[in-house]
Amino acid sequence: MKIFANKPAGTRAGLFFQLSPVAAGCAVLISAMSGQVNAQTSTATNAADAPIASVTVSGIRRGIEDAISVKKDSSSIVEAISAEDIGKLPDASIAESISRLPGLAAQRVGGRAQVISVRGLSPDFSTTLLNGREQVSTGDNRSVEFDQYPSELLSGVTIYKTPDAALVGQGLSGTIDMQTVRPLAFGKRTVAMNARAERNSLGSISNAKATGNRFSISYIDQFADRTIGVAIGFAHLDSPVLDNETGLYEPWKTDGRPGVPAGTSLTDGIKSVARSGRNERDGLMAVLQYRPSKAWNSVLDLYGSTAKREETANQLEINLGDYNGGFTPGLLYNPATTQGGVLTGGVANNVYPLVRGMYSNRKDDIRAAGWANTFKLNDITVLADVSYSTAKRDELSLENNTQISTLSGTPFLDSVTLRLGAGGFPIIAPGRDYSKPSTLFVRNTIYGSGYGKTPLVEDELTSVKFAANFPLDGFLSSVDVGVSYADRSKMKRQPEGNIDLKGAPSTISSDLQYAPVNLGFSGTGMIPSWNVPGVVAKYMIFAPTDTKDYLIAKGWDVNEKITTAYAKANIDSEFGAVTLRGNFGVQMQRTEQSSDANYWDGTAAVGKQVKPVHDGKSYTDVLPSANLVFGFDGGQTVRLAAARQIARARVDQLRSALDFGVSNVDFKPGGSGGNAQLDPWRANAFDISYEKYFGTKAYVAVAAFHKKLVSYIYTQTKDYDFSKFTPGTIAKTQIGNYSAPYNGQGGTLKGIELSGSLPLNLVTPVLDGFGVQASYTHSDSSITIEDPSGSIGSKIPLPGLSKNISNLTLYYEKAGFETRISQRKRSDFVGEIGNFAGERSLRYVVGENVVDFQIGYTFQGGPLKGVGLLAQVNNLTNSAYETYNGDRRKQLEYQKYGRTVLVGANYKF
């Protein structure tokens, strides 16, 4: 099968694993550590009788060592980040910190890492927990948008690549567990403050400034003879939304345009955009811990965040599909340049460009509470946990369309010079001047006067869990048993409609104008920008509705009730010099899923066309799992893991909503929509890992994984029994075509991971303070999917799968001074992009190479002791985001977000 972009001639394709520079670096790291570090370990052993010096490790190295301890001590294959590591990394959100771990990759949305792929599978296949509890989301699906969780409020993150039977809420590709602090784990009162100012290199755009800020404060204390602990944290973010971008209409076509050679692949439109806005987020965390004795520990966790993202796409847009509103003459390319059957440029004559304002205002609210009580009853440990979380997304999308014309509507057609290609902004050079607001009329343009939407999503999850641990003697050290129940409901509504003029066409008044926008990056020149909501309020009428026939199916409710029971036996034994620990067990999940929605029956009497539809099913999965950890001399560990895994279908795929109709020609029913009868994705997984540890200071690891997906979910068209929809219609048969997600055949996913972390003073004292962390993952899959409603072709690779992912961090830390540079890199993949229709769209995404840098100094004594100063640059190389239509020459989007410079101070006491 063809994988992503066409490969250059002469590319060698026979190797399963091709060594990248980072992979080579990991190999060298392993070699160096097995030689030089072992030599130093031997020297240390021989000097065991020497006096012991106490060394306090802090900062970057403490975070790394804490994370290594979590990885080393776990009975599962995991990756981890500690609190110091999160606080020190130059990242805007927790997602960017997570994406630096082996086998994980982030997809950028609006310039920020927002969703995470684990081991080559899309976010659909993983689950996210907060303190061990599954979380709601503000999107249409289950996958959490990580930029809603400030890194400053988290004490650590653990990613479980292999599950055990007691892991409730586990995912198929992995389980991401974010943790907040436990105040009684701190030895004393701790207060930490952080403040940073930022500036984006793109500068101000329209009404959006290039500057922003973020600050946080955390307070941790203990009372009543250390029986009560309190932790409170607050984090604020105010960051500019700025980018320069171009976009081409999809799909690329070969249906011909005047002046273009027959059979040429071309696009129906193009636009140049400068985006402006603000991204604001406030997060609050609180923990109350009560531990009156060793027999009872009670923890109440509270979390809340409010995020608001307001932005406007200020753009010039041109229809190239031989449509200019019906004016004459029509489209003519003269000249037209092509290469290899693809349009690469020319002059498009007689087009009618628009200057548009596309406004979005999205507000997300997340609230979560959990109360866990742990009791020691003699040797038995009992856990009772109850939790509740809710999320709400409230969104407003508006558009204004303007064109150059006279008041009476006389058009001014244009000739636009185009140069198209990959790896940069296309050139879009109009012949006319579009910078004058006095020539642009808000009117019924070739794209209408405007359109708007008001999507609303609400998600609610209640769960309760009871568990117990029974200690044993012998080969089995203990047994865990437990049961949990979760009730989740999610709803979506999407009223929308035309934005119509109140009166005659008009130019936009000066009081609603913002600063002109420079689209020079694409050769387009200056265009006006304006207050889109203000223009709608002054000149237009917007009355969104969800009661029209074509909107009925956009609303839905989905409910899931999941009962989980498990039993797990824990192993802790020795066989001579070899230790064995781990677990084996089984988890049973009983799922009851249902959906309620409406559909439109056009054959019914007026006032009765909207009819309810309910659907759902129940199923049970038995999920055995085993994790075995063999410990050998010299800090060597071998891990084996096998498990049956599942991931429940996307929530929006489970909707019962559908568009239904009966043909007037063959009188057959047909429709499209969701499928509340879906089974989950299911897979059988096997993992093996070799790890070499040098205390908690350093490690190297080589891991391989293999997943056999025995089922997958594809959008397909199948025969469907419409008997419950056809009574009273003109249908002459009950069977018709229904396009929806269906369960289908799966396939294999396999890969290998190399990773290591090394302070270089273990190699030579000359490099004291220097260190390196590196990882490389290669993944491959036999699975391809179809997307009939999409535009990127057939036999599409797994969404989220980058064949090659690498991460590299170099750091130096000594005597209060610290600096680090981090790179995360991934090859091309298929991403899931939200389009204007509010639906998921698949596109090929060009692989990314994002570099961040940080430098700082923390005062070690004197009146400023504990004060740290820092400067950092995010996206140091201004890495672009680019998508394409299956062939790199057929670009769809090219975006640059600029580099962000931050300066600030930390204080901890």
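Guide: A surface patch, in the sense used here, is made of residues with over 30% relative accessible area and no salt bridge, nonpolar side chains being joined within 5 Å. The model under discussion is predicted.

Visitor: Which residues form a nonpolar patch on the surface?

Guide: The patch consists of Leu288, Leu300, Leu302, Trp371 and Val386. Together these residues have about 420 Å² of accessible area.

Visitor: Where is the place of Leu288, and in which strand?

Guide: Leu288 belongs to strand β11, which spans residues 269-293. With a relative accessible area of 43%, Leu288 is partly exposed. Partly exposed stands for the range between under 20%, which is buried, and over 50%, which is exposed, so the value of 43% falls in the middle class.

Visitor: How should I read the pairing of strands?

Guide: Strands of a sheet pair through backbone hydrogen bonds, either parallel or antiparallel. For β11, the case is pairing with β10 in the antiparallel sense over 21 bridges. One residue pair to inspect is Gly233, whose bridge partner in β11 is Met285.

Visitor: To which other strands do bridges join β10?

Guide: Strand β9 (residues 211-223) runs antiparallel to β10, and 11 bridges join the two. Within that pairing, Phe223 has Ile228 of β10 as its bridge partner. The hairpin of β9 and β10 has four residues between the strands, and Ala224 takes a positive phi near 50 degrees there. Strand β47 (residues 891-896) is also antiparallel to β10, joined to it by four bridges. In this pairing, Tyr894 of β47 stands opposite Thr246.

Visitor: Why is strand β10 described as largely enclosed by the rest of the structure?

Guide: Strand β10 covers residues 228-248, and 18 of its 21 residues are buried, so the strand is largely enclosed by the rest of the structure.

Visitor: How is the order of strands in an open sheet to be read, and what is the order of the five strands here?

Guide: In a regular strand the side chains alternate between the two faces of the sheet. The order itself lists the strands across the sheet: here five strands form an open sheet in the order β1-β6-β7-β4-β5, with mixed pairing. The edge strands, each of which pairs on one side only, are β1 (78-82) and β5 (133-134). At the β5 edge, strand β4 (residues 126-130) pairs with β5 in the antiparallel sense over two bridges. Leu129 has Glu134 in β5 as its bridge partner.

Visitor: Let us turn to arginine side chains. Is Arg682 buried or exposed?

Guide: Arg682 is buried, at a relative accessible area of 15%, because buried means under 20%. Arg682 is found in strand β33 (residues 681-694). The side chains of Arg682 and Asp621 are joined by a polar contact of 2.5 Å. Beyond residues up to four places away in sequence, Arg682 touches a set of residues including Leu172, Tyr619, Arg644 and Lys708.

Visitor: Where does Arg443 lie, and which backbone oxygen lies 3.2 Å from a polar atom of its side chain?

Guide: Arg443 lies in the loop between β19 (440-442) and β20 (451-453). The oxygen in question belongs to Thr406. Arg443 is buried, with a relative accessible area of 12%. Leaving aside neighbours within four places in sequence, the contacts of Arg443 include Asn401, Ser405, Gly448 and Pro505. The C-alpha atoms of Arg443 and Glu250 are separated by 26 Å, and the two residues are 193 residues apart along the chain.

Visitor: Which residues does a cis peptide bond join?

Guide: One cis peptide bond joins Thr328 and Pro329, with omega about -5 degrees. Pro329 lies in the loop between β12 (296-319) and β13 (332-339). Another cis peptide bond joins Asn334 and Pro335, with omega about 0 degrees. Pro335 has its place in strand β13.

Visitor: What is phi of Ser206 and of Asp322?

Guide: Ser206 is not a glycine, yet has a positive phi of about 55 degrees. Ser206 is found in the loop between β8 (190-200) and β9, and counts as buried at 12% relative accessibility. Asp322, also a residue other than glycine, has a positive phi near 65 degrees. Asp322 is found in the loop between β12 and β13, and counts as partly exposed at 42% relative accessibility.

Terms used. Residues are numbered from 1 along each chain as its sequence is written. This is a predicted model: local features need pLDDT of at least 70, side-chain atom pairs count only at pLDDT 80 or more; totals for chains, interfaces and linings use all residues. Side-chain values use heavy atoms; hydrogens and water are left out. Two strands pair if DSSP finds at least two bridges between them. Patches are made of residues with over 30% relative accessible area and no salt bridge: like charges are joined within 9 Å, nonpolar side chains (Val, Leu, Ile, Met, Phe, Trp, Tyr) within 5 Å. Accessible areas come from the Shrake-Rupley method with a 1.4 Å probe; for residues, only the protein chains shown count as cover. A salt bridge is a side-chain nitrogen of Lys or Arg within 4 Å of a carboxyl oxygen of Asp or Glu. Buried means under 20% relative accessible area, exposed over 50%, partly exposed in between (1.4 Å probe, protein chains only). A polar contact is a pair of N or O atoms within 3.5 Å; within protein, one must be able to donate a hydrogen and the other to accept it, and residues adjacent in sequence count only if both atoms are side-chain atoms. Contact means heavy atoms within 4.5 Å.
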